[in-house]
Amino acid sequence: MENQMIETGVVKLTKEDFSSDQMVKWCPGCGDHAILHAVENVFPALGIPKEDFVVVSGIGCSSRFPYYMNTYGIHSIHGRAAAISTGVKLANPKLSVWMITGDGDSMAIGGNHFIHTIRRNIDINLLLFNNKIYGLTKGQYSPTTPKGSKTKTSPQGTYERPFNPGVLVIGAQGTFFARTLDTNPKAMTAVFMEAAKHKGTSVVEILQNCVIFANKTHELITSRETRDDNQLFVEAGKPLIFGKEKNKGIVLKGSHFEIATIGENGITEKDILVHDPYTEDAAVHTMLATMMPPEFPVALGVIRSVPVETFDQAMMDSIASEQAHSTIKNMDDLLRSGQTWEV
Amino acid sequence: MTSKNSKVIELEQVVIRFAGDSGDGMQLTGSLFSDSTAFAGNDFATFPDYPSEIRAPQGTVSGVSGFQIHFGQKTVHTSGDLADVLIAMNPASLKANMRWVKEGAIIILDGDTFIEKGLEKAGYKADPLTDGSLSAYRVIKSPISNLTKEAVKHLDIDMKSTMKSKNMFALGIVMYLFNRELELVNKYFERKFKANAIVVEGNKAVLAAGYNYADTIELFSTTYKVEPAPLGKGTYRNINGNVATAWGFMAASERSGRPLFLGSYPITPATEILQELTYYKNLNVKAFQAEDEIAGIVSAIGASYTGALAITTTSGPGLSLKSEAIGLAVITELPLVIVDVQRGGPSTGMPTKTEQSDLMQALFGRNGEAPVIVLAAKSSSDCFYCAYEASKLSLEHMTPVILLTDGSLANGSEVFRIPKVADLPSIVPPLAQANDTDYQPYKRDPERLNRQWAIPGTEGLRHRVGGLEKEDGSGNVSQDPMNHQKMTLLREAKVERVAQYIPEQEIIGSPDADLLLVSWGGTYGVMLTVAEKMQKQGKSVALAHFRYIMPLPRNTADILGRHKKIVVCELNNGQFVKYLRMTYPQFKYEQYNKIQGLPFMVAELEAKFNALLNQ
């Protein structure tokens with residue numbers, strides 16, 4: 001019965017199908033609330049039976065997420081969500097696996113699992129809540145905290161060089177990287193849909209605000225006054241144009257990006273670089289992921305989306321091929337194969 | 001082939017030790033001889049003894065690799081104390097192995113390597129072949145290197161490959177000495193080097209050359225034969241502990257209907273389980289080589305939540321890395337089997353040497369109150385049944401199980417009577433049924449206290465698990481003080497109740513013997529050998545060998561309470577004895593401990609037990 005319903009797509013799901021009965025205990029004003037709402041809107045729109053979602057997390061504020069979704073879910077241990085997700089996906093590749101993590105969980109303690117999951121291209125959706133601070137332990141710097149920031153463990157300012165998660169993803173041979181903002185539900189929903197569609201490890205960095213310990217860390221990007229000049233929404237096949245007047249664009253000068261103004265110095269829209277998220281070449285994607293205010297706008301949307309075979313598919317193909325060819329069909333066959341003797 | 005130039009003497013049992021440089025292929029030589037031993041119908045046990053370096057400096061004592069086989073016409077429980085025959089491919093292997101050789105033993109040497117340079121590398125001040133130090137042995141010095149070259153002269157084989165096959169010349173000599181057929185080994189060459197006819201021909205030529213050389217020049221005035229052992233009716237094969245472990249899990253997967261998932265990271269001496277399981281995609285085995293030990297176990301926990309028979313395999317250092325994750329499996333009450341193939345520790349310790357020193361880590365090495373079932377395999381072939389039983393207990397009681405094996409079981413091999421999967425005990429995991437309106441994640445079975453297993457993809461059972469303490473029943477996150485106490489006690493009771501589902505502890509010998517020998521895990525063979533030997537001599541000893549460590553069998557106290565003396569024997573500094581002192585403080589325990597990275601020897605145990613009896 002269940003299977004028939006899936007095939008015919010009869011099941012119409014709504015946001016309510018995924019809302020849990022648990023009290024959401026994030027701080028008032030926390031960016032996590034908006035992300036939860038966006039995910040609740042995306043899941044019913046994917047055409048996947050509600051029993052086939054698994055939400056996995058590690059440890060941190062964001063990692064409470066599975067408790068707030070009415071799906072199958074695992075709230076695991078610090079840094080290990082990627083490895084849990086890997087096990088879930090490999091055990092049953094039909095499941096839609098969503099991993100919720102933060103900058104401490106995935107960039108620090110879980111860094112190894114993060115890069116290897118991406119390298120293998122396991123078909124999961126990885127939502128990285130980047131608030132550039134350890135929130136749950138009350139305000140220590142994280143691997144993405146801007147250099148010089150004063151935090152509980154950097155009273156004189158950090159002297160660590162922060163990670164740019166997008167560059168790390170691409171460096172780990174990632175096939176999908178997108179960036180979005182907790183303040184823009186529409187864009188967030190669109191990006192989550194794209195992540196869900198991509199076969200492989202889809203990493204979405206969500207610039208998320210911690211109201212308590214790093215409030216306004218993304219201020220330059222999100223404030224009403226500066227956002228138009230600091231946000232660039234990338235779109236496949238479209239020129240990289242931004243600004244209040246929609247007249248600024250990214251041009252390639254030698255091997256560097258520069259900002260040009262359309263209508264000045266003979267620059268027309270044709271001179272502006274056109275976004276191609278599907279090219280395997282990671283050079284421009286890396287440059288896009290690197291762009292940060294105040295020098296450049298931050299790139300938002302799907303920066304990289306390259307079709308590459310997934311680990312789970314390759315594994316299933318290998319199993320199917322072995323099963324088709326082997327004469328050993330069960331354990332009794334195996335136990336009696338090779339050199340045996342009768343007494 | 002039959003030996004013509006010598007008379008044949010029948011022996012009851014023999015111990016042969018093959019030794020050479022770690023690149024000389026002594027492990028292969030030994031295992032080929034084992035296969036031939038199996039074919040001859042003898043019972044046997046083997047023990048590889050090799051360095052942790054892949055190619056330590058050639059010709060030095062630190063680079064010597066050894067392989068010992070004990071075979072007989074009676075049941076064989078150990079790989080043997082001292083060797084009756086030593087094959088030493090160079091001076092260093094002679095030097096490293098003399099202490100494992102019986103007085104009067106046959107020593108077969110490659111005489112071509114006993115030159116000044118070789119002797120110097122081995123650290124010999126004088127040539128042992130001429131200084132009289134070997135006068136108590138029957139030394140057979142043969143020009144193995146040169147004769148190997150001669151044997152393949154007619155073939156187009158380079159010098160390096162030629163010298164690689166000199167182990168087959170030595171094997172040929174030993175095959176002659178024990179009146180074995182060469183056919184089986186030749187077939188191995190044909191399989192192994194299918195793509196390279198010249199290598200097949202070369203190896204066959206060298207093997208035959210060794211055999212014929214021994215015959216032609218009448219190397220031995222007598223040769224030996226060991227009649228087949230009276231094994232019970234059935235189909236048999238040779239199996240080592242790691243392969244047996246892997247196959248035990250596969251059998252449990254088939255019998256339980258739960259697909260097998262392994263998350264693992266290479267580590268000596270456990271790696272072979274991972275390697276073995278990667279072969280069997282045809283049987284739907286998913287063996288995932290993770291980026292580290294932690295990802296190995298954590299991916300297995302993910303797979304377990306998703307409905308797989310999930311396992312992870314490691315050795316001591318890896319078990320340390322996995323301990324936080326084991327706690328997650330404890331609190332989420334998911335089935336998971338963790339195999340620890342123990343080796344010498346602490347830290348990197350002695351990776352290729354055997355030890356039983358992870359017992360305390362297995363029992364207690366986690367934060368919080370985190371009880372798990374602990375089993376310990378008693379022999380290489382028992383690894384099959386232990387892996388099977390670990391899976392059964394884990395799946396049916398919804399709790400992690402740690403299975404302890406060790407380096408000597410893992411690499412040692414013995415005769416294995418092949419079971420039929422249908423004859424193995426059933427495995428019935430407590431699966432929750434779709435759309436069960438009464439389903440609650442932490443609702444428990446009143447007998448076993450396990451919760452149900454609700455698998456993603458099943459309609460009507462969506463639920464969350466995690467590392468935060470859960471309310472009994474609902475499974476909601478709870479920091480309630482009384483609930484935490486209740487859950488802690490429930491998790492403990494769940495493991496303790498397993499005692500009702502495992503057999504009672506066996507005792508070999510009189511239940512009222514003066515001296516009770518107590519041991520656990522991989523020392524069974526040698527303990528049994530000593531116990532039987534002393535019982536035959538009329539000594540009042542009995543053996544209680546433990547496979548179930550946590551929980552202990554329900555009759556353990558009854559058994560311990562009926563003897564004048566108890567001696568607990570372990571290859572560690574006394575971990576099981578501490579555990580028994582803690583659990584049953586009413587008894588007095590003697591202990592015998594060996595921490596040398598080596599198995600017990602019959603003689604040392606016998607001496608200790610006689611001393612205790614005579615006290």
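I take axes as lines fitted to C-alpha atoms, for helices over the stretch in contact, with angles running from 0 to 180 degrees between N-to-C directions. Helices (H or I, at least four residues) and strands (E, at least two) are DSSP runs numbered from the N terminus. The model is predicted, and local features need pLDDT of at least 70, side-chain atom pairs count only at pLDDT 80 or more, while totals for chains, interfaces and linings use all residues. Residues are numbered from 1 along each chain as its sequence is written, and chains are lettered from A and ligands numbered from 1 in the order in which they are written.

Entry 1, a helix pair.
I looked up α1 (residues 26–39) and α6 (residues 166–177) of chain B, which pack at about 30° with axes 10 Å apart. That makes α1(B) roughly parallel to α6(B) (angles under 35 degrees count as such, over 145 as roughly antiparallel, 65 to 115 as roughly perpendicular, the rest as oblique). On the α1(B) side the contact includes B:L28, B:L32 and B:F33, and on the α6(B) side B:A170, B:L171 and B:V174 (contact: C-beta atoms, placed from the backbone, within 7 Å).

Entry 2, the chain interface.
I find 55 residues of chain B in contact with 50 residues of chain A. α11(B) gives the most to the chain B side, with 9 residues. I also find strand β2 (residues 72–75) of chain A joined to β17(B) by 3 bridges, the two running parallel (strands pair if DSSP finds at least two bridges between them). A:H75 stands opposite B:G466 there.

Entry 3, A:S76.
I located A:S76 in the loop between β2 and α3 (81–91) of chain A. Is A:S76 buried or exposed? A:S76 counts as buried because 31 C-beta neighbours lie inside 10 Å (buried: 20 or more other C-beta atoms within 10 Å; exposed: 12 or fewer; partly exposed in between; C-beta atoms placed from the backbone). Leaving aside neighbours within four places in sequence, the contacts of A:S76 include A:V56 and A:I84, and across the interface B:V298, B:L328, B:G466 and B:G467.

Entry 4, a sheet in chain B.
I read an open sheet of 7 strands, in the order β11-β10-β12-β13-β15-β14-β20, with mixed pairing. β11 and β20 (548–550) stand at the edges with a single partner strand each, so one side of each is left without a neighbour in the sheet. The twist averages 20° from one strand to the next. Strands β12 (residues 309–314) and β13 (residues 336–342) of chain B run parallel, joined by 4 bridges, with B:I311 opposite B:V337. I note that α9(B) packs on the sheet and touches β10, β12, β13 and β15 (400–406) of chain B. From the other chain, α3(A) lies across β10 and β11 of chain B, at about 150° to β10(B).
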